[in-house]
2 protein chains.
Amino acid sequence: MRPKTRRGQASRERLVEAAVASVVDHGVKQLRVDEVLAAAGSSKSQMYHYFSDRDALIEAAVARRCEEFLDLLGQAFGGVSSLDALRSVLAGFVSDYAGHLSGCPVGTLASELTAGPEPARQRTVEAFGAWEGYLTAALQRIQDAGELGSDRDAGELALGLLVGLEGGMFLSQVRGSDRPLRVALDTALAYLDSLRPTLD
Amino acid sequence: MRPKTRRGQASRERLVEAAVASVVDHGVKQLRVDEVLAAAGSSKSQMYHYFSDRDALIEAAVARRCEEFLDLLGQAFGGVSSLDALRSVLAGFVSDYAGHLSGCPVGTLASELTAGPEPARQRTVEAFGAWEGYLTAALQRIQDAGELGSDRDAGELALGLLVGLEGGMFLSQVRGSDRPLRVALDTALAYLDSLRPTLD
DNA sequence: GACGAATTGGACTGACTGGTCCAGAGTTTG
DNA sequence: CAAACTCTGGACCAGTCAGTCCAATTCGTC
């Protein structure tokens, strides 16, 4: 049910924010309704007034978290139209990630939701799709700028890059070291470099 | 506590097997002691006779699962000493994985254990280490055979390959399609091909 | 300010689950 | 074969947690 007053709107908003924090801190499956309520300064009846059940609250939290992350990604990759710019954005991504090593925001959720409520899981699938789209667009622009052979499939390269990012973040988290992510992206960039059209 | 009779040995073994099945089916966090007991035809007192608590049972299950998977990997990559052999083994890996798309056996566990009991988590870290070792050894043999420039770091390439495998399996699971894994490995192999020493 | 709708507090319920305990059955060994 | 050790069945306990319910309060509107 949608809130119909400003007060209700604010209550619902506090619930979603608290749910996002809980999901980020302890994971989807460890989200405790009572804990979210306490953090939001809410009570049971409020939550069940706006959400049909725990799964609905989780879905809202997952959707919110994905949106926020995609905003950042869109901003970062939106302006990339050269290999140097790509390298620079990815370097920033790595050094940022090295600071926490806490797993990919989307990947972590997707992983926890493989056997979770389908609507929430679907949000993560869509988020990956959007991310892949950003990468494809960036590589396409790089290709249009002549830094990538026109016989290359930007979509395939983008998917390969996404796999490298996900796998790299994951292994880096598991190992507690930024090396896997760095190596993966360095390798991917070296490969892209090798695909530059020879100017002859 | 270790079993001291053949009967006890068998009881403990049934418990571990049932725990592995439960972990594979529903995930580590969803392992229910009562369910494992029922599947093993065991009772509470048996389990708490051989394991200090639920976490200890989980650790045994995780260790067992990793061992079994590593056996397969060791066998598959142990004989690889050419790029063609590597390509063939990886192709088998992909077509096998395409049949279930259920996530990497080790990766799934590692992911669920990021905030889990440390001893169990450590088993997965070690498993990744062993896997990386198999890949490094294979690439080293390929290098020794002259199919890879001697200036290349086999360890880095192996890590890149591992990242591609993990990320590929993960995204393939999320999407329900083998394409991410295929694209990732095809790309990795294309890169390795491009590193062949030029014979001049 | 009055009336209906929206919102809120929080006690309570019922299901689930990990862990304890002890009496009894089976096995080994001197 | 008898004592000592090992193993087993399952009742029971205590804690946790999602979801229900209703009375009370606040809000929007006329």
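**A tour of the two chains and DNA strand C**

Begin with chains A and B together: 100% of the interface residues of chain A are also interface residues in chain B, so the copies meet through the same surface. This is a predicted model, in which local features need pLDDT of at least 70 and side-chain atom pairs count only at pLDDT 80 or more, while totals for chains, interfaces and linings use all residues. Residues are numbered from 1 along each chain as its sequence is written, and chains are lettered from A and ligands numbered from 1 in the order in which they are written.

Superpose chain A on chain B, which takes a rotation of 180 degrees with 0.0 Å of shift along its axis and gives an RMSD of 0.0 Å (a least-squares fit on the C-alpha atoms of residues with pLDDT of at least 70 in both). The two copies are thus related as by a two-fold rotation axis. Select A:Gly167 next, whose C-alpha, at 1.8 Å, comes closest to that axis among the residues of chain A.

Now select B:Leu162, which is in contact (C-beta atoms, placed from the backbone, within 7 Å) with A:Leu171, B:Trp131, B:Glu132 and B:Leu135, leaving aside its neighbours within four places in sequence.

Finally, turn to DNA strand C, which has 23 residues around it, with A:Gly8, A:Ser11, A:Ser45, B:Val33 and B:Arg54 coming nearest (a residue is near a strand if its C-beta atom, placed from the backbone, lies within 6 Å of it).

Conventions:
Contact = placed C-beta atoms within 7 Å.
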